[in-house]
Amino acid sequence: MAKEIAAETGSSVEEVREEACEILEEMSQNLQLKCIRLMGFTMTKVLKRLYSGIFVNMEGLNMLQQSIQEHPVILMPNHRSYMDFLIISYIMFTYDIPMPFIAAGIPLSGMKLVGELLRRSGAFFIRRAIGSDKLYWAVLSEYVRTIVKTGIAPLEFYVEGLRSRTLKSVMPKLGMMHMVMEPFFKGEVYDITLIPISISYDRVLEESLLAHELLGIPKLKESTMALLKASKVLQEDYGSMHVNFGRPMSVRHLCEGKINRCQYNLVPRDLPQKPSAEVQACVSWLANLMVRVQEEGSVMGPWALMACLLLQAPTIVLTEEGLPWQELTDKTLWLRKLALDFGARLNWPSGQGQAPDTDVMSSTVALHGSVVNRKAGRVFLVQEKEPVRNRPISPEEEMISTAAAVLMLASYRNMSLHIFVRPALLVTALHITKTTQKDELLAFFCFLQDVFSNEFIFIPGNSSQDFEEACFLLKKCGAVHVSEQEVTVSDAGLEVLSFLQALLQPFIDSYQVIFRYLCENEAHVYAEKQFLTAVRNLATELILSGELHTYEALSSDTHKNVLSALQRLDTVTKSRASEQNEYTVNKAAVRRIDDVLSGKIPPQMLHTTPEAKL
């Protein structure tokens, strides 16, 4: 590899090797027991101030301890908060389990002290943008492979890549997953054990920061001093945290019949190989499976359910009139039963010796006083207090204040979406197509999965099973009748259907706003920054005019997800030559997707013309 890179760059082999040593020094961890003990002592103090309790499933932790003694172990937690990075190591230190080596982004220049502490606690640092730097990829890949092959410590990384700013699962990134799997594919280890970890919070430290980032407001520059100044968060209550260590999963067992490892025998193991289509599909399937298992292991509190219901009330009711408390509590108890029927894991203290349900919901609303408040028997959305100004607040500024509160509420609703999304897709298919035929509903269900697969996690090739699961769950709660050919609505299930349809509607409305912009604008090529600004301006205009009722259309994550979805559907093409992330749009194809989503044409019509080919 050194000779190959030297020939490409015109450097000498010695210079390439020297650069590789510098990369390794920048990257590698420097685990020290003294630092671990210091971090453990500090974390104990901090966690006691922040959380009323941290709940860990001991069965999963015991299975993890056993797995470490047998095969290389990969810890794969979800990523919702900066606290995720610390809590796994803290738990393993507390229970005397070998500390993991953790893949992390290189700390910013203003956080070198924090970065060094994390390095000595087991973190190794990866550049945030690697691009096509072959040498860096080679050094990183070899470093990761060495950790896995030797099994000197568990390896921890976030399969989603980045922290989710919406508190729902993010489509997994596959680069690190490929590196971790390679020793097994090449026969360098007999097996690898994957441990999915679900971290759930009653309240997230960064809730306000995340909402403002989604609205395009730059986050404060990260630095050690800013971290120290943020100590005021220690004065607030963030409820409880649940850390669920999932059942160990054998890569050997999971990949059986999915990949032929003999192809790796044709090339020396030390030489890098470009993964085949079969390997890429297998790794993608594994990554999505891990995220799905993380979702199934997550724990929801009452607030996730209450947020679902609050968002289905008109915004003007939440900001001006207030939602009646009794109505909210009654509906939350109804939704709790539905969530349990759908297989949710709920953290709801009830039963003998526990607080009454109304007290549980009252304390939940009090915990989230930064988002809503309760007065005179009604619940209101909390809007940020504007600083004193010499001029009146503009409608746009007032709307942004409301939007920040709505997006905070939406983030907590997102924590429950994995429970409801498959039945909600079927309900949406029933509503839009107006058909009862199972084959037509399945076709529309698959179309919706294709469009929204950047919003929600679906395991590749699992659409038929997802459809059958949706049918089963809706039948179980009495919302539909299912036969071999038909799915028909039950009169007793109208409340369930109405809730599920409303749950998905903000995503449909937001996507259609972006489709409208792409179809009506004269340009065919857009720079990403220009696109994000223009779409947010259009959404702002539509909200202020009363034509659009969902503030989630302002979210930059939604805008980027639409671009990614249209790229995947071959409707938008990203220019590889441009440094500004330029996209070329096939307007006819976008219009057809919009027409299918509106029920004007069936999904089969998407492929009828060359210009609209997906």
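## Exercises on the contact of domain 2 and domain 3

In this predicted model, Lys-438 and Glu-468 form a salt bridge whose closest N and O atoms are 4.0 Å apart.

**Exercise 1.** Assign Lys-438 and Glu-468 to their domains, and state how many salt bridges the rule finds across the interface of domain 2 and domain 3.

*Solution.* Begin with the bounds: the chain is divided into domain 1 (32–297), domain 2 (302–439) and domain 3 (440–605). Residue 438 falls within 302–439 and residue 468 within 440–605, which places Lys-438 in domain 2 and Glu-468 in domain 3. For the count, the rule finds three salt bridges across the interface of these two domains.

**Exercise 2.** Describe the extent of the contact between domain 2 and domain 3, starting from the separation of their centres.

*Solution.* Taken over C-alpha atoms, the centres of domain 2 and domain 3 are separated by 22 Å. The contact draws 39 residues from domain 2 and 54 residues from domain 3. Between them the two domains bury about 4,300 Å², and 74% of this area lies on carbon and sulfur atoms.

**Exercise 3.** Count the polar contacts between the two domains, and then determine which helix gives the most residues to the side of domain 2 that touches domain 3.

*Solution.* With both residues at pLDDT 80 or more, 19 residue pairs are in polar contact between domain 2 and domain 3. On the domain 2 side, at least two residues come from each of α13 (302–311), α15 (325–341), α17 (395–414), α18 (417–433) and α19 (438–452). The helix that gives the most is α18, with 15 residues. Sorted by class, this side has 23 nonpolar, ten polar and six charged residues.

**Exercise 4.** Explain why the pair of Trp-334 and Phe-499 is classed as edge-to-face, and locate both residues in the chain.

*Solution.* The rule gives a count of 17 aromatic pairs. For Trp-334 and Phe-499 the ring centres lie 5.9 Å apart and the planes stand at 85°, so the pair is edge-to-face, since planes over 60 degrees apart count as such. The pair links distant parts of the chain, with Trp-334 in helix α15 and Phe-499 in helix α21 (residues 494–520), 165 residues apart.

Definitions and conventions:
Residues are numbered from 1 along each chain as its sequence is written. This is a predicted model: local features need pLDDT of at least 70, side-chain atom pairs count only at pLDDT 80 or more; totals for chains, interfaces and linings use all residues. Side-chain values use heavy atoms; hydrogens and water are left out. Domain bounds come from an automatic or database domain assignment. Contact means heavy atoms within 4.5 Å. Buried area is the accessible area (1.4 Å probe) that two parts lose on being put together, summed over both. A salt bridge is a side-chain nitrogen of Lys or Arg within 4 Å of a carboxyl oxygen of Asp or Glu. A polar contact is a pair of N or O atoms within 3.5 Å; within protein, one must be able to donate a hydrogen and the other to accept it, and residues adjacent in sequence count only if both atoms are side-chain atoms. Helices (H or I, at least four residues) and strands (E, at least two) are DSSP runs, numbered from the N terminus. Ala, Val, Leu, Ile, Met, Phe, Trp, Tyr, Cys and Pro count as nonpolar, Asp, Glu, Lys and Arg as charged, and the others, Gly among them, as polar. Rings of Phe, Tyr and Trp (its six-membered ring) pair if their centres lie within 6.5 Å; planes under 30 degrees apart count as stacked, over 60 as edge-to-face and the rest as tilted.
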